[in-house]
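Hi,

Here's the structure I said I'd pass along. Have a look at it first, and my notes follow underneath.

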Amino acid sequence: ESSNIESKESLIEYKDIVMRGDIYNIIENKELEVYYQTQVLINSSEIIGTELLLRWNHPIWGLIYPVEFLEIAKETGMIFPIGSWVLSQICKTYKEWLDKGYKNIDITVNLSSVQMTEKGFISELKEILKFYGLKPNFLIFEIKESMLLDECQNIALDINELRSMGIRIALGGFGTVYSSFYYLSTFDIDILKIDRFFIRKIKEGDRNKRLIKAMINFGENLGIDIVSEGIETLEELLFLKMANCNLGQGYLYSKEVSQTVFEKILNKKILIPRAIKASSKWEIENRRKFFRVEFTDYLEGDMKILEVQGMKLNLGSTPILI
């Protein structure tokens, strides 16, 4: 067991070292990729926006999520060129969508405190918008409560200027930090995003449901839009409908997808939740060439990583469901 722990730690350290060296070429090598998760009006399933999600398609490690590389980007200073690339990519893509005749939608982008407090961030944003001939009112910048804890005074000025341009501000992870209500009294926030942590707890009883309902009522009373993140089950969706939550996103509608796939979703204009689709017989079609056995339960298996780049590993195994 001790050997397995040491092997895992060595692998993590090795991956970290490789990423720190490679991140300087992340833009030049075209390894950054943008994915989109659809946002809908819960009552009508109408597509009204998307959240932009960044991935690093590393030549060795495959898709790396921001939670793994953004801290490295901040420490190395690469957060700034990455941020500029993202802003340019958003505006370029949105201009293409308008030219193709797609409906106007909102695009939500996550910002770090380092980006927002960077000198010249807003002026650069204005230049990019001007270059593509876009008005900024399609943009929603999402900030986390933890950001406000660290950079309260500096961010307040940026928020005010961004809102004066017509850009809306979303507060992500609402309810996960003890000082949530303080921030709402200090900053002008347009959208509250209920963290998926709370959405998952809907099935755990009335107490959790009352808590979410209170959040939704709170936003309504302040005239703030509420977005529920991480909707994955029909039970969660039905409760949110009854609780009058107006906006939602999650795997029940769509996972994060590439630009090509998202454009196909945009063409639909309405995105029916998967659970409702699956209940329609005409949607269930076996298109495999060979005979398929349908199981009522998952199969349990074990997965092992034996080798990475020629380096033999002994990490033990982890149970998986098939």
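On one side of helix α2, V67 and E75 are exposed. Keep in mind that this is a predicted model. V67 has a relative accessibility of 75%, so it counts as exposed, the cut-off for that being over 50%.

Turn α2 around and you get the other half of the picture. The helix runs over residues 66–76, and F69, I72 and A73 are buried in it. Those three sit on the same side of α2, because they cover an arc of only 105° around the axis. So α2 has F69, I72 and A73 together on one side, with V67 and E75 on the other.

Right after α2 comes G77. If you're checking backbone torsions, the phi of G77 is positive, near 85°.

Back to V67, which lies in helix α2 and also turns up in a surface feature: together with L63 and Y65, V67 makes a nonpolar patch of about 310 Å².

Now the cysteines. How many disulfides does a search of the whole structure find? The count is 0. Two cysteines you may want to look up are C91 and C245. C91 has a relative accessible area of 1%, which means it is buried, given that buried is anything under 20%. C245 also counts as buried, because its relative accessibility is 1%.

That's what I have on α2, the patch and the cysteines. Shout if anything looks odd at your end.

Cheers

Notes
Residues numbered from 1 in each chain as written. Predicted model: local features only at pLDDT ≥ 70, side-chain atom pairs only at ≥ 80, totals over all residues. Heavy atoms only, no water. Disulfide = S-S within 2.5 Å. Buried < 20%, exposed > 50% of the residue type's maximum accessible area, 1.4 Å probe, protein only. Helix = DSSP H or I, 4+ residues; strand = E, 2+ residues; numbered from the N terminus. Arc of directions from axis to C-beta. Patch = residues over 30% accessible without salt bridge, like charges linked within 9 Å, V, L, I, M, F, W, Y side chains within 5 Å. Areas by Shrake-Rupley, 256 points an atom, 1.4 Å probe, with all protein chains shown as cover. Salt bridge = Lys/Arg side-chain N within 4 Å of Asp/Glu carboxyl O.
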